[in-house]
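Colleague: Could you take me through one part of this model in some detail? I would like to follow the pairing of the strands first and then see what lies around the DNA.

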Number of protein chains: 2
Amino acid sequence: MDGDADLASPARLMGEPARAAMLVALLDGRALPAGELAAIARVSAPTASAHLARLVEGGLVRARALGRHRYFELAGADVADAIESLQRLAPRRPVTSYGQSATARRLAEARTCYDHLAGRIALGIADALVAEEAITPLEAGGSGMILATDGPVARRLRLEAAPAPGRRPPVRGCLDWTERRPHLAGALGAHVLEVLLSAGWVARVPGDRSLRVSDELRVAFES
Amino acid sequence: MDGDADLASPARLMGEPARAAMLVALLDGRALPAGELAAIARVSAPTASAHLARLVEGGLVRARALGRHRYFELAGADVADAIESLQRLAPRRPVTSYGQSATARRLAEARTCYDHLAGRIALGIADALVAEEAITPLEAGGSGMILATDGPVARRLRLEAAPAPGRRPPVRGCLDWTERRPHLAGALGAHVLEVLLSAGWVARVPGDRSLRVSDELRVAFES
DNA sequence: AGGATGCTTCGCCCGACGACGAACGATCGC
DNA sequence: GCGATCGTTCGTCGTCGGGCGAAGCATCCT
C-alpha cells in the first residue's frame, strides 16, 4: 500500500493545541525547559511531560538534560519549515484583522521567527538591503546571495562580519505571516538578529516572541 | 495570548490517517470524486463524506459538483507545500529501506508529485537540464529561472513551449523524499510532465501515483 | 543530611471523534 | 417515469487520548 511517507503522524503531533503552542514557542530556535513549556501551553506538568515525550518520540523535538532541568528544542530546520508552512495555511479561517490586542500589535511590528527577525521592522530592513543592492531580491522560500557589504545599511548591520556560507543558504526569503511578504531569513537573517540584539537595537520580551524595538531603529526602518 | 497563526487546526486535519491518505492522493493535483477517495482511504462512504466536509471547512480542499459526482481537489499550492514539508519530516521514524514492495520500487523510479514529476527519472532529467545550462541549479525550496531552450534535452522536452511566467515561479526545487535531492517543480516542472505524458514517454498507473516509464526515456535519463 | 525544586510515572476520569448501518435527496440512464 | 448510482445526513457505538492529582526519582542548595 504505502510507498508514501507517513504524513499523518507528524501532523497528528502538531494537531493538538497544547503541543502546537509548545512548538510555536520553540520556533525562535532556543531551548526551553519543560516547566516553562507547560506554562506556555497552559497545562499541568504531567500533561506537558506526556506531550513532550511524544514530540521527542516523533522526532520533532530534541531533549537535552542540564542539571535538574530538561531543555527541549526543535529537532531541526526542517521541523521549523513544516511548522511555518502550516501556519501559512492557518489564516484562511479567521482572517482576524489583527491590531486588536497589544501583543498582536507588538508581534506585527517585530518578533523572532525561528532564529531571525520578522514583522514590519524586518520587512523594512530587508527592503533597505535590497534597495542598496546589498542582497539579491527576496522571494518566498527562495534563496539568494550577498552582493555587497559596503552600503550604509549593510555597514550598520555589520554584513561584512556575516558567517561564511556553510550548509545553510546565506539569504533566504521567509514568508511573513502578518505582512504576507518575504522577510530576510537564512544565515544572514540569523546574523542580523544577533547584531541587533547585541547592539541593543532590539530586545527580547520575556515569555513572548515579540521584540522591543529601540526608537533609533524604528525611525530608520519602520515603513 | 495568540497573535500567532493557528498551527493546530490545519495540522489536526492532516493528522488523521484517512484524511491524510486522501490528501496524499490529491497531491498530484487532480480532482477525485468522493467515492474514489473513500476507497483510497479504506473507509465507508459516510465516513469519507464527513472527512471531506471537514477538509473543505478547513480550507484545505475545494469541492466541485459535476453531475451526480462531487470532485475534490487541493485548495492551492500552499496546501501541497505544507503536505510535502510534513512528508519530509516523516521518514525520521521508519528509515524503511525501500525497494521492498513492487509498488515502492515503481514509486522510487517515477511518480507524480502534485503536478510534476518525481523519482529517479525526475532527478535524471533535472540533472541533464542543469548540466546543459538550460536552467539554474536547483535547491530545495528555492526558485530559479530558465536560461536557454536550445540544448538537446531542452528541445526534446519542448522547453520553448513552456508557459509564460505568471504568479508561479518557473523553476522550483522540490525535495524528493526517496532520493533526498531536489527535483524539478514549478511551472516548468508541470510543463515537462505534460509533455512526457502527451508524448507517451510516461503514463499514469491507475489507482497509484507511480508512472510507467517508456524504455526510450529510461535509457536516456535513468541514473 | 534534609528540604526544596523540576520532571516523570501511575491511575483514573471524561469528552471528543472516528467508525458504521440505515435512511434520505439528487442525478443519471433507459 | 423507474431503478440504479452517488453522496449526504442521522443516530449510535466504541475507543483513543488528553486532562489532572498523587506519588516516585533525580538533582540542587545549604
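Modeller: Happy to! In this predicted model, strand 2 (residues 61–66) of chain A runs antiparallel to strand 3 of chain A, and six bridges join the pair. One of the facing pairs puts Arg64(A) opposite Tyr71(A) of strand 3. The two strands make a hairpin with two residues between them, and in that turn Gly67(A) has a positive phi of about 65°.

Strand 3 of chain A has another partner to look at. Strand 1 (residues 32–33) of chain A also pairs with strand 3 in the antiparallel sense, here over two bridges. In this pairing, Leu32(A) has Phe72(A) as its bridge partner.

Now follow strand 3 (69–74) of chain A towards the DNA, since this strand supplies at least two residues of the surface near DNA strand C. The other elements of which that can be said are helix 3 (34–41) and helix 4 (45–57) of chain A, together with helix 4 (45–57) of chain B. Helix 4 of chain B gives the largest share, four residues. You will find 20 residues around DNA strand C, and those that come nearest are Gly35(A), Ser49(A), Arg70(A), His51(B) and Arg54(B). On the DNA side, sugar and phosphate make up 76% of the atoms of strand C that come within 4 Å of the protein. Sorted by class, the protein surface there has seven nonpolar, seven polar and six charged residues.

A few individual contacts are worth finding on your screen. In chain B, an N or O atom in the side chain of His51(B) is 2.6 Å from a phosphate oxygen of DNA strand C. Thr47(B) also uses a side-chain N or O atom, which is 3.1 Å from a phosphate oxygen of that DNA strand. Chain A offers a backbone example: a polar backbone atom of Ala34(A) is 3.1 Å from a phosphate oxygen of DNA strand C.

Finally, here is a residue in another part of chain B. Thr136(B) sits in the loop between helix 7 (120–131) and strand 6 (143–144) of chain B. Thr136(B) counts as buried because its relative accessible area is 16%, and the cut-off for buried is under 20%. The side chain of Thr136(B) reaches the backbone nitrogen of Met145(B) at 3.0 Å. Beyond its neighbours within four places in sequence, Thr136(B) is in contact with Val130(B), Gly144(B), Met145(B) and Leu147(B).

Notes
Residues numbered from 1 in each chain as written. Chains lettered and ligands numbered in written order. Predicted model: local features only at pLDDT ≥ 70, side-chain atom pairs only at ≥ 80, totals over all residues. Heavy atoms only, no water. Near = heavy atom within 4 Å. Polar contact = N/O pair within 3.5 Å; in protein donor to acceptor, adjacent residues only side chain to side chain. Nonpolar A, V, L, I, M, F, W, Y, C, P; charged D, E, K, R; others polar. Pairing = 2+ DSSP bridges. Buried < 20%, exposed > 50% of the residue type's maximum accessible area, 1.4 Å probe, protein only. Contact = heavy atoms within 4.5 Å.
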